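Here are some short exercises to work through with the model open in your viewer. Try each one before reading its solution.

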Amino acid sequence: MRAYYRSLKPLILWREVARPIDWAQVFGRTAPVELEIGFGNGEYLVARAQQHPERDFVGIELEWESVQRALRRIAGAGVCNVRLLLGDARPILARAITPRSFVRAYALFPCPWPKKHHHKHRLFDQRQLQLLNSRLQDGGEFYLLTDHEEYFQWVLGNLTDTGFRAFARTVPPSVDTKYERKWLAEGKTCFFELTLTKVEHCEVPLVEDVPMEIYRVRSFDPTRFQPANVSDNVHVIFKETRYDPVRQIAMTRVVVTEDDLVQHFWIEIAREGEVWRIRPAPGCAFIPTVGVQRALDAVKDACEALEG
Ligand SMILES: C[S@@+](CC[C@H](N)C(=O)[O-])C[C@H]1O[C@@H](n2cnc3c(N)ncnc32)[C@H](O)[C@@H]1O
């Protein structure tokens, strides 16, 4: 059987570790840290880590399959100066990374989402550029490479009030990543390169965890329990509820969406002496947010609505 990865050590479970992440502690030294967003199979990230053993490297990637490939590559290269975070770069930068963390950031061939109704998925709108600016050290650089001219122009159009000085040009193939080779094979030989230098700091504070309020209610009726979804600045959607009558534990599955963060987890309603305790189910990795609290509130309200 093929091994998917050889070591999970470079992977940081950002939802479960103490936030913000302390890179000096993670790497065991104080060194300049670089960031790659959407590293794909990790070719460029690992190559840079090999070329610059005096620096540390952090990659954020949405797809688990890509992370597995990058973990294999890291093990194969034997580098110790790379760490990977699985997830959407936007909430990770906002919630796990302190301002002025990185000396350099790059995104190679980010998905251009060409269809208009998909533009909401695009990375590097004005707000995200401000966030990225804040997570770069003063004088730090963000480097973006794309084959897609319309997307490139869109990013250029988002630069107002982002604290960056821009340098844009077309370049020949130079990074030898999977997507560069893909576009090259399709006959594209000219790519769009944008270097953004941080000239002014954008204040985008770290989004802090919200202290969770755990509830206890007097009664719980699994046959009539129906928590109400929430739909305003946060969205809370209840999916299903399971009940174990022997252990007197119910689990309700919920999806909470707020800003760029989507969280799937279970809420436990468990018998505890004379009362029922409501809390996020142990073992579910979640970020304590206003939305998670709203979900707990909705469960409590649904229980109390049934009290006689
Ligand atoms: C077109 S691929 C490019 C991969 C690689 N950089 C290369 O040049 O071969 C874009 C990558 O960005 C990742 N990605 C897309 N949106 C992301 C997000 N919001 N946060 C982190 N990674 C993301 C995708 O999963 C994919 O691996």
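The exercises below concern a predicted model, starting with a sheet and ending with a ligand site.

**Exercise 1.** Work out the strand order of the open sheet and find which strands stand at its edges.

*Solution.* Begin with the order: the six strands run β9-β14-β13-β12-β11-β10, with antiparallel pairing. Next, look at the two ends. β9 (215-217) and β10 (230-231) each have a single partner strand, so one side of each lacks a neighbour in the sheet. Finally, add the helix: α8 (residues 290-305) packs on the sheet and touches β9, β10, β11, β12, β13 and β14. The direction of α8 makes about 140 degrees with that of β12.

**Exercise 2.** Trace the pairings of β14 with β13 and with β9.

*Solution.* Take β13 first: residues 261-272 pair with β14, residues 275-280, through six antiparallel bridges. Within this pairing, E272 lies opposite V275, and I267 has P280 as its bridge partner. The two strands form a hairpin with two residues between them. In that turn, G273 has a positive phi of about 65 degrees. Now turn to β9, which is joined to β14 by three bridges, again antiparallel. Here R216 is partnered with R277 of β14.

**Exercise 3.** Describe the shell around the ligand: which residues are closest, and which element supplies the largest share?

*Solution.* The shell holds 21 residues, and the closest are G38, G40, A89, T177 and Y179. Sort them by type: 11 are nonpolar, four polar and six charged. Then sort by element: β3 (56-61), α4 (89-96) and α7 (178-185) each give at least two residues. The largest share, three residues, belongs to α7.

Terms used. Residues are numbered from 1 along each chain as its sequence is written. This is a predicted model: local features need pLDDT of at least 70, side-chain atom pairs count only at pLDDT 80 or more; totals for chains, interfaces and linings use all residues. Two strands pair if DSSP finds at least two bridges between them. Helices (H or I, at least four residues) and strands (E, at least two) are DSSP runs, numbered from the N terminus. Two residues are in contact if their C-beta atoms, placed from the backbone, lie within 7 Å. Axes are lines fitted to C-alpha atoms, for helices over the stretch in contact, and angles run from 0 to 180 degrees between N-to-C directions. A residue is near a molecule or strand if its C-beta atom, placed from the backbone, lies within 6 Å of it. Ala, Val, Leu, Ile, Met, Phe, Trp, Tyr, Cys and Pro count as nonpolar, Asp, Glu, Lys and Arg as charged, and the others, Gly among them, as polar.
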